[in-house]
Amino acid sequence: MFQVFISEEAGSFVRSLPEAQRTKMKDIFRALQFYPKTNHLRMKKLTGQDVFRIRVGNFRILCEIDGRLRRIDINDIDDRKDAYR
C-alpha cells in the first residue's frame, strides 16, 4: 500500500471545489493507495519528466511516484488548460 501526500496548494484547490467534484477527487486519492492497480484512473507518465497525470473531467492531477519509498506526492491539481504550464 502506498502513502499519498497532498501539497498545500493541491489541498486548497480541492477544498474550493463543489461537493460532487471534491468527493470524486477524494475517491481518486484513496484509489492511489493501491498503486499500481490503478488502471481505471487513466494515469499517464508525462514525456521527459518524472511526473504522472490523472485526468478527472476538466481537471488534471499531477503527481510523482516513488516506488522504493511507496509514496505518491500530489503536487498540483489544476484545470486542464493551465495544468502543464
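## A walk from R71 through the fold

R71 is partly exposed, with a relative accessible area of 30%. To read that label: buried stands for under 20% relative accessible area, exposed for over 50%, and partly exposed for anything in between, with a 1.4 Å probe and protein chains only. You're looking at a predicted model, in which local features need a pLDDT of at least 70 and side-chain atom pairs count only at pLDDT 80 or more, while totals for chains, interfaces and linings use all residues. Residues are numbered from 1 along each chain as its sequence is written, and side-chain values use heavy atoms, with hydrogens and water left out.

Let's stay with R71 for a moment. What does R71 pair with? R71 forms a salt bridge with D73, and the closest N and O atoms are 2.8 Å apart. A salt bridge here is a side-chain nitrogen of Lys or Arg within 4 Å of a carboxyl oxygen of Asp or Glu. The whole structure holds 5 salt bridges.

Two others of these sit in helix α2, so that's a good place to go next. Helices and strands are DSSP runs numbered from the N terminus, where a helix (H or I) needs at least four residues and a strand (E) at least two. Helix α2 spans 19-32. E19 and R22 meet through their side chains at 2.5 Å, N to O, and the two residues are 3 apart in this helix, about one turn. Is R22 buried or exposed? With 18% relative accessibility, R22 counts as buried. If you want a sense of where R22 lies relative to E8, their C-alpha atoms are 15 Å apart, with the two positions 14 residues apart along the chain.

Further along the helix, D27 and R30 make a salt bridge of 2.8 Å, N to O. These two are separated by about one helical turn, because they are 3 residues apart in α2. D27 is partly exposed at 42% relative accessible area, and R30 is partly exposed too, at 48%.

Now for the inside. In soluble globular proteins, nonpolar side chains tend to be buried together. By nonpolar core we mean a set of buried Ala, Val, Leu, Ile, Met, Phe, Trp, Tyr and Cys residues joined through side-chain atoms within 4.5 Å. The largest one has 19 residues, and M25, I54, I61, I74 and I77 touch the most other members. Which elements give two or more residues to this core? They are α1 (8-15), α2, β3 (52-56), β4 (59-66) and β5 (71-79). The biggest contributor is α2, with 5 residues.

Leaving the helix, the chain enters the loop between α2 and β2 (43-45), where H40 lies. H40 is exposed, at 58% relative accessible area. Its C-alpha atom is 10.0 Å from that of I28, 12 residues away along the chain. P36 is found in this loop as well, and the peptide bond joining Y35 to P36 is cis, with omega about 10 degrees. R42 is another residue of the loop, and R42 has a positive phi of about 55 degrees although it is not a glycine. Why point these out? Most residues other than glycine have a negative phi, and most peptide bonds are trans.

There's a second case in the loop between β4 and β5, where R70 is found. R70 has a positive phi near 55 degrees, again in a residue other than glycine. R70 is partly exposed, at 38% relative accessible area.

R42 brings us to the surface: it is partly exposed at 46%, and together with K24, K44, R55, R80 and K81 it forms a positive patch. For such patches, residues need over 30% relative accessible area and no salt bridge, and like charges are joined within 9 Å, while nonpolar side chains (Val, Leu, Ile, Met, Phe, Trp, Tyr) are joined within 5 Å. Lys and Arg count as positive and Asp and Glu as negative, with His and the chain ends not counted. Each charge is placed at NZ of Lys, CZ of Arg, CG of Asp or CD of Glu, and accessible areas come from the Shrake-Rupley method with a 1.4 Å probe, with only the protein chains shown counting as cover for residues. K24 lies in α2 and is partly exposed at 48%.

R80, a member of that patch, has its C-alpha 8.6 Å from that of G57, although the two are 23 residues apart in sequence. G57 is in the loop between β3 and β4 and is exposed, at 54% relative accessibility.
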